[in-house]
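Welcome, and please open the model in your viewer with the selection panel at hand. We will go from one stop to the next, with something to pick at each.

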Amino acid sequence: MSRLVLIDGSSYLFRAFHALPPLTAPDGTPTGALYGIVNMLRATLKENPDYTAFVLDASGPTFRDELYPQYKANRPPMPEDLRAQVEPMKEIVQALGFPLLCVPGVEADDVIGTLALQAHAAGIPVTISTSDKDFAQLVRPGITLTNTMTGSVLDDAGVMEKFGVRPDQVIDLLALMGDTVDNVPGVDKCGPKTAAKWLGEYGTLDAVIASADKIGGKIGENLRAALGRLPLNQQLVTIKTDVALDQAPSDLTLRPRDVDALRELYTRCGFGSALRELDGGSAPPARGARPVAPAAVADEAPDAALSAPGEYECVLDAAALQAWVARLQAAELVAFDTETDSLDPMRANLVGLSFCVEPGQACYIPVGHDYPGAPAQLDRAAVLEALRPVLEDAAKPKLGQHGKYDLHVLRRHGVDVRGYAEDTMLESFVFNAGGQRHDMDTLAQKYLGYTTIKYEQVAGKGAKQILFSQVAIDDATKYAAEDADVTLRLHRVLSAKLAAEPTLQAVYRDIEMPLVPVLTRMEATGVLIDVAELRRQSADLSQRMMAAQQRAHELAGRAFNLDSPKQLGQLLFEELKLPALVKTPTGAPSTNEEALEAIADQHELPRLVLEYRGLAKLRNTYTDKLPDMVNPDTGRVHTSYHQAGAATGRLSSNDPNLQNIPIRTEDGRRIRTAFIAPEGRRIVACDYSQIELRIMAHLSGDPGLVRAFEGGLDVHRATASEVFDVPLEKVSGDQRRAAKAINFGLMYGMSAFGLAKQLGIGRGDAQDYIALYFGKYPGVRDYMERVRQQAREQGYVETVFGRRLQLNEIHSRNQAQRAGAERAAINAPMQGTAADIIKRAMVSVQDWLDGQGGRATMMMQVHDELVFEVDAGFVDTLVDEVRRRMVAAAELRVALVVDVGSGSNWEEAH
DNA sequence: AAGGACTCATA
DNA sequence: GTATGAGTCCTTT
């Protein structure tokens, strides 16, 4: 059977040039690429093809340049060392007897594509010899790819395996990915895996484009941004198969080789082994090609120009310091910032301070730069003493950006900042809680149109990042003084904005700012951890994990990574053919708890995986990690509360997150026994009972719901009694469960669908329950509708205290996003009001604690719960007063109720 | 090294 | 169905 081998000369030429060492001929001319080509051609000849051609790009523009003027625009000119090899290559190709094709106006790819399809139509099998993946689009039964340099062969199945898509989807895959080399931008951050995933899900590029709204995350945004150019990409990456050619496949026969010409060429290039083969091994050994050291690459560091607006003074002597202290004393408001050597304020050392009193006039006082050759700096302790009268004077208002950090640093260096009155991060947060980021760089850009010097610009990034103490003082001055300067400028803009919104201003002034020192105090206090207990638990969990893993591998019949959802999915849904009932947001079969639970009756493995996961989660996230978080100085764990993170006004906790310590399962709850009180003290936990539901009762004013809370009854039981019209004492377990699910569901803006899933009932039944509920509590139904309405009309909803919660996607064209925003709108006033209330309570409680001589300290906040460490003899007093203050934090239509507990550890206190 | 996907802990 | 943070795996740069 005859066969056509089409050789993609251009791709090999470049590939060989870059892949092989820079060989040279005896006379010094470069031959590396040639060497690769010759070996490739000799290998091809051994296959003895009936028809073959060596195809090269012609010079000059092609139709693609017309379609897209930037096509290959940033491709550098062909390196001289490569250009020098083109003519000899053509000579060798022809001397070997290969037909050489070079067609102007199109690329080699198009010539190959055309010939391949012509031969295919004539029933001649085709092999395309190339190192260019784009040819995968031509693969079909009868057309395969081969790469003689790597030895790989690609047929239909091979394309599927290598790219994860069928050959007929390759064009779409390439269109999505784009091609950096050809200057064809695809979807940003979309590589072969992502593109294949989408095509696997939607089938074609057109379908992906049509579904672009459904793809979430950053990558979804990137996709939508790229939509406009994808059709063009498709055209650009499509290999033409209808080029008018002078030759037909049957014309492409090998001519006899020209031995004399080859001998001359091989000798000139120094290709010894080729020469020996040519002359039957009798040729004199030619000197071998020798590698040449690659040219040294200049190691150019980008010269990041540091622009320095404003007059920034570096304070290096006592006189300058005194002058600045005087300016600070005279100022109405002092903007300040600290520079340190760590992001963790509980470990950071002070490296310098910056101040600003007038926009553009700022100073930097270095006190800890210790790189070789650093100028002499003022003594740190002396500087802090000089500044103490300003910083510790409650009557001298101070301003910062995320000042809680600086408060920690200064506190740990012996300065107890008082009068911390303004914070631009919190101003921004209160003004626009829907805004994603409230860091200074973002705010400066947004409100001042000013681009700040980035930390990376002065300290580098990644592994090469240096400590601020290593940054040259000149650079540090520009960076640090700018921080204080920009903070002051930002404050002028933001405080004016807040002044125009009195309710927002009140949230900022009365809730957020007073909370700053309270959080600082709580973080500084930290919590005592029983490390030995956690180690014991880790060991126990490890042992059980190993057992589960071993059993899982036995059941699977092979080893696999139990932690990899991908491998697990493959095993369960492909090998074991278990039904994939749940999909991940990206459309892949999910292995989450719900999915595994659903198939647990069909195989032992899912249950085992759940067991393993539960253990692994506890060990990896808690019992292994918490001991590492113990601060060596204090012997305690110090979380950090993020005050401007959550869109609803809640706090969040990180490093470590102490707001998600397990409680639901027995193994999990045990972790709380490791949160202990020191000798002579107790842990006291005080939590609001059903606070969000009470807020719903308040906001809706529904008499039925208000009544359900009265008399201190179990609210879910009371709700069930009303909804199902049975006496309180006759409410069944299922009825209470249903009522509870509805109560919670309502707060999350749920649908009948969601409730049905939650309760494991039909959608119709769920709808009936909701109708029944709304029949009894029409005020709740009306409230829900009012909130949706407000969200649509204003773009935001509000808490009882006037905090504004922005709903960014409430008018999204995307139905799913819009529905999500509506659910968020329903939940936000309840979650946000609860956050406001506990924040107010914290300020009030701390205010009282400050007068109690350290007999109790507030240690943690977990959304509706405050945790204290209390002298054993002081517990009763504390409980009374804390309860009083927590209850008094808001006056709602229903009373707030606080449950308390105490014990030697957190678990007991619940 | 950075970022996304997936999973799962809490309120 | 709301709101978070974090660990592991995997892909991309």
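How far does a polar side-chain atom of S590 lie from a phosphate oxygen of DNA strand B? Select S590 together with DNA strand B and you will find a separation of 3.2 Å. Before going further, please keep in mind that this is a predicted model.

**Stop 1: DNA strand B**

Stay with DNA strand B and add R664. Here a backbone N or O atom of R664 lies 2.8 Å from a phosphate oxygen of the strand. Now pick D864, where the partner is a sugar or linking oxygen of DNA strand B, 3.0 Å from a polar side-chain atom of D864. To see the elements that give two or more residues to the surface near this strand, colour α10 (217–226) and α25 (604–623). Helix α25 provides the largest share of that surface, with three residues.

Next, widen the selection to the 23 residues around DNA strand B; those that come nearest are T586, T591, K617, I663 and R664. On the DNA side, sugar and phosphate make up 84% of the strand B atoms that come within 4 Å of the protein. Colour the surrounding residues by class and you will get eight nonpolar, eight polar and seven charged.

**Stop 2: DNA strand C**

Hide strand B and bring up DNA strand C, which is surrounded by 35 residues. Good ones to select are S564, S652, D655, N657 and M750, the closest of them. Three side chains here are worth a look for their N or O atoms. In S652, such an atom is 2.6 Å from a phosphate oxygen of DNA strand C. For S564 the corresponding distance to a phosphate oxygen is 2.8 Å, and for K566 it is 2.9 Å.

Which elements give two or more residues to the surface near DNA strand C? Select α8 (192–202), α23 (565–575), α25, β19 (652–654), α32 (752–759) and α35 (815–849) to show them. Of these, α32 gives the most, with five residues.

Colouring the surface near DNA strand C by class shows 17 polar residues, ten charged and eight nonpolar. Of the strand C atoms within 4 Å of the protein, 80% belong to sugar or phosphate, and the rest belong to bases.

**Stop 3: a pair of helices**

Leave the DNA and select residues 733–747, helix α31, along with residues 763–776, helix α33. Their axes are 11 Å apart and the helices pack at an angle of about 75°. Since angles of 65 to 115 degrees count as roughly perpendicular, that is how α31 stands to α33.

Now show the side chains where the two helices meet. From α31, pick A738, I742, N743 and L746; from α33, pick Y769, Y773 and F774. The residues of this contact divide into six nonpolar and one polar, with no charged ones.

**Stop 4: G352**

Finish at G352, which you will find in strand β13 (residues 350–358). Is G352 buried or exposed? Its relative accessible area is 0%, so G352 is buried.

What is G352 in contact with, leaving aside its neighbours within four places in sequence? Select D337, T338 and E339, then Y364, I365, P366 and V367, to display those contacts. As a last pick, add F468: its C-alpha atom is separated by 9.0 Å from that of G352, although the two residues are 116 residues apart along the chain.

Technical notes: Residues numbered from 1 in each chain as written. Chains lettered and ligands numbered in written order. Predicted model: local features only at pLDDT ≥ 70, side-chain atom pairs only at ≥ 80, totals over all residues. Heavy atoms only, no water. Near = heavy atom within 4 Å. Polar contact = N/O pair within 3.5 Å; in protein donor to acceptor, adjacent residues only side chain to side chain. Helix = DSSP H or I, 4+ residues; strand = E, 2+ residues; numbered from the N terminus. Nonpolar A, V, L, I, M, F, W, Y, C, P; charged D, E, K, R; others polar. Axes fitted to C-alpha atoms, helices over the stretch in contact; angles between N-to-C directions. Parallel < 35°, antiparallel > 145°, perpendicular 65-115°, else oblique. Contact = heavy atoms within 4.5 Å. Buried < 20%, exposed > 50% of the residue type's maximum accessible area, 1.4 Å probe, protein only.
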